[in-house]
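These notebook entries record what I looked up in one structure, topic by topic.

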Amino acid sequence: MPDFLLELFSEEIPARMQARAAEDLRKLVTEALVGAGLLYEGAKAFVTPRRLALTVKGVPVRQPDVKEEKKGPRVGAPEGAIQGFLRAAGLKSIGEAKVVSDKKGDFYLAVSEKPGRPAIEVIAEIVPEVVKTFPWPKSMRWGEQSAQPGSLGWVRPLHSIVATFGPETEEPDIVAFAVDGIAAGDETRGHRFMAPQPFKVRRFEDYAAKLEKAKVVLDPERRKEIILADAKNLAFAQGYELVEDAGLLAEVAGLVEWPVVLMGSFDQAFLAMPPEIVRATIRNNQKCFVLRDPRTSQLVGKFILVANIEAEDGGKAIIAGNERVIRARLADAKFFYDTDLKTRLEDRLPKFKDIVFHEKLGSQWDRIERIERLADEIALTLSSRPEFFPGQTLSPDDLQREQDTYRRQVRRAARLAKADLLTEVVGEFPELQGLMGRYYALAQREDASVAAACEEHYKPLGPADRVPTDPVSVAVALADKIDTLVGFWAIDEKPTGSKDPYALRRAALGTIRLILDNQLRLSLIPIFKQHFDRFPLPIDAMASAFDLLSFINDRLKVQLREQGARYDLVDAVLAAGQIVYHGPRDQLRSDAELSRELLVPYTNDVLLLIVRRVEALGKFLDTEDGKTLLAGYKRATNIIRIEEKRDKREYTGRPNPSLFRQDEERALASAIDTAKAEAAAAVAREDFEAAMRAMAKLRPHVDAFFDKVTVNVEDKQLRENRLNLLNEIRAATGTVADFSCIEG
């Protein structure tokens, strides 16, 4: 079967657009082929700085013939309807139509056969449309044609098009079409400097081989492999090690068609700066890789550059030019760094008063003050438990001193954490925010934990990012993320669908990971509610706190499911611990009383306990006792649901022991009371496996009840009492989970 080759040859395509452009070309052309009935065997797109290429293998010679049927009016229909049918079907007379029958009677049917067109003609229509509507992020027009309405827009001036079609055994044909005066042909060019002469190509294998001879490596993945291998080998030969950078590698591979790896050097004095500054300067300004000493892992005064030409002097002039630019850029960076060191971090803070964080949420100064207060409250909550200081047996006075020191460090870190945003280095390299805060904090002799928090309070930035473990960093990182969540919740800027402009989902997942990875038993509702109160906005702080908690729990469910937890078990635990808030604070109770109510354990604002309950529930349901108890629960609730629907009432009252007639009733009631008490006590100890064991004791009594006791008896009073007893099974299991959410 024939193959199709397409090349769009232009001026340099920006590296950041290349991968997406290759995929768009493949997708647009192949979807159009399939839509035209031309099913192919395979397709692959390639891209270099100067060309987009596509090869499609196994394209049919022509489209399949198409048989179309058009149903018309019934036989004997009015003449107007028949004439309309003839026009729509393209028939000259009704005699050309068939008469067919169905259960409603006879009707006319127009049958037409449309022969398939040659594939090369179809392709000649597809490609110009793809080129004219290609979805470049940015495009331009050029030359005399640019003055004409509807002229071609392309990312850079398009010079030529190669389009050939034919089987391997024959000379391929040129697909005849033109786009904005550029006619398709079979001629392309190689490397801009080393092989600029035009040459003809036939099919893909011939095309790729001739490009290679013309100093063009077509496949971007192969260019990356060449660069990486040559860079490693050159570094190893000099006793160094390449600092790999996948993003930079992909970018550099998009800047060259014929990669040539060279090594340059710079003054060792620049290595007195933090290595991240050196690397960012060399990477951002010259797209070069840095090297390190494999024995010490410290950077060395060498760098790797990738040229696009085999220079006659072996690259000496290229290396000298890069060294000259890098030396100047490093000198600038050193000036920025030295200038920053002259001003203490806290002295920069007043400038934040003039920087708006969000028009509805105040300035960056306001935000820093909120974060400082919130971080202090979190630190107080965490450090109030003696186990927060592991490995130490502390007297009350010692505990107070440790707590005071910890809170002082947290307040200091929260105050300084954002200060590096106003430094010269971060202004030049925004990706170094936080990291430079740590360097500057250490330079002014701040505590190591305070300095670490300046860097780590942004973490974790994603699912693969490291979670801080230093207690100071944890408190400040939580405060930073909770302030973001509460603030945007307060102004009703919540995520909707795929839109999340303020990265609130990421902040929520970061909060969850900080809590779970550090095993923090932290009740979120009081923290949320108190922080909502800090915003001078007309909101119901408690209702907003519960709404935000619901969002957090939704993110927790997603995370637990990704980690392999059953979604129904997560729902069961969350449903069992749910708090329902019905409106503004009860005026008969103080905020302190409400807060104490909300601090009761095992509700859904203690994420660590939710996870432990899910784990314990999963283990329990894997046992025979768990499976049998779940079956008994389902049977009991099904009976109750049916009878409640029939009687149009609920059976939620306490059963009357004096109405028990059989030993199985008395045994089940006693077992339920015992299990509820034991499970509640275990939950209070946060021993959820013990709570599940308490539930397991119900199994034989539930089985015996269903074997020996008839629920729907004639005696209405006895029937109601037994239904209330069945409801006690539901109430007892609700101590640990809502079993109605569990499948099975």
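**Entry 1: a hairpin and its neighbours**

I began with strand 7 and strand 8, which form a hairpin with 6 residues between them. I noted that the model is a predicted one. The two strands of the hairpin pair in the antiparallel sense over 2 bridges. For Phe 165, I found that the bridge partner in strand 8 is Asp 173.

I then looked for further partners of strand 7, which spans residues 158-166. Strand 1 (residues 3-10) runs antiparallel to strand 7, and 8 bridges join the two. One end of this pairing I looked up by residue: Ser 10 has Leu 158 of strand 7 as its bridge partner. Strand 10 (residues 182-185) runs parallel to strand 7 and is joined to it by 2 bridges. Here Ile 161 has Ala 184 of strand 10 as its bridge partner.

Is strand 7 mostly covered, or mostly open? I found 8 of its 9 residues buried, so strand 7 is mostly covered, buried being under 20% relative accessible area.

**Entry 2: salt bridges**

I searched the whole structure and found 64 salt bridges. I followed several of them in turn.

Arg 279 forms a salt bridge with Asp 245, and their closest N and O atoms are 3.6 Å apart. This pair links distant parts of the chain, 34 residues apart: Arg 279 lies in helix 7, and Asp 245 lies in the loop between strand 13 (241-242) and helix 6 (246-253). I recorded Arg 279 as partly exposed because its relative accessible area is 31%. Asp 245 counts as buried because its relative accessibility is 13%.

Asp 465 and Lys 459 meet through their side chains in a salt bridge of 3.4 Å, N to O. Asp 465 has a relative accessible area of 18% and is therefore buried. Lys 459, at 16% relative accessibility, also counts as buried.

Arg 722 forms a salt bridge with Glu 665, with 3.0 Å between the closest N and O atoms. The pair links helix 26 (residues 716-733), which holds Arg 722, to helix 23 (residues 663-684), which holds Glu 665, and the two residues are 57 residues apart. Both Arg 722 and Glu 665 are buried.

I also noted a network of salt bridges that links Arg 367, Arg 370, Lys 418, Asp 480 and Asp 483.

**Entry 3: the largest pocket**

I next looked up the largest pocket, whose volume is about 760 Å³. Which residues lie nearest its centre? Of the 27 residues in the lining, these are Gln 433, Tyr 458, Lys 459, Leu 461 and Arg 506. Lys 459 is thus listed here as well as in the salt bridge with Asp 465. By class, the lining divides into 12 nonpolar, 3 polar and 12 charged residues. Helices that each supply at least two lining residues include helix 7 (275-286) and helix 10 (364-383).

**Entry 4: the second largest pocket and Gln 403**

The second largest pocket holds about 530 Å³ of space. It is lined by 26 residues, and Leu 382, Glu 387, Phe 388, Phe 389 and Pro 390 are the closest to its centre. I counted 11 nonpolar, 8 polar and 7 charged residues in this lining. Helix 11 gives the largest share, 4 residues.

Helix 11 (residues 396-416) also contains Gln 403. Is Gln 403 buried or exposed? Its relative accessibility is 8%, so Gln 403 counts as buried. Beyond its neighbours up to four places away in sequence, Gln 403 touches Leu 380, Ser 383, Ser 384 and Phe 389.

Methods. Residues are numbered from 1 along each chain as its sequence is written. This is a predicted model: local features need pLDDT of at least 70, side-chain atom pairs count only at pLDDT 80 or more; totals for chains, interfaces and linings use all residues. Side-chain values use heavy atoms; hydrogens and water are left out. Buried means under 20% relative accessible area, exposed over 50%, partly exposed in between (1.4 Å probe, protein chains only). Contact means heavy atoms within 4.5 Å. On a 1 Å grid over the protein atoms alone, a cavity is a set of points where a 1.4 Å probe fits but cannot get out, and a pocket is an open set with protein on both sides within 12 Å along at least five of seven lines; lining residues have an atom within 4 Å of a point. Grid points are joined across faces, edges and corners, and a volume is the space filled by probe spheres set on the points. Ala, Val, Leu, Ile, Met, Phe, Trp, Tyr, Cys and Pro count as nonpolar, Asp, Glu, Lys and Arg as charged, and the others, Gly among them, as polar. Two strands pair if DSSP finds at least two bridges between them. A salt bridge is a side-chain nitrogen of Lys or Arg within 4 Å of a carboxyl oxygen of Asp or Glu.
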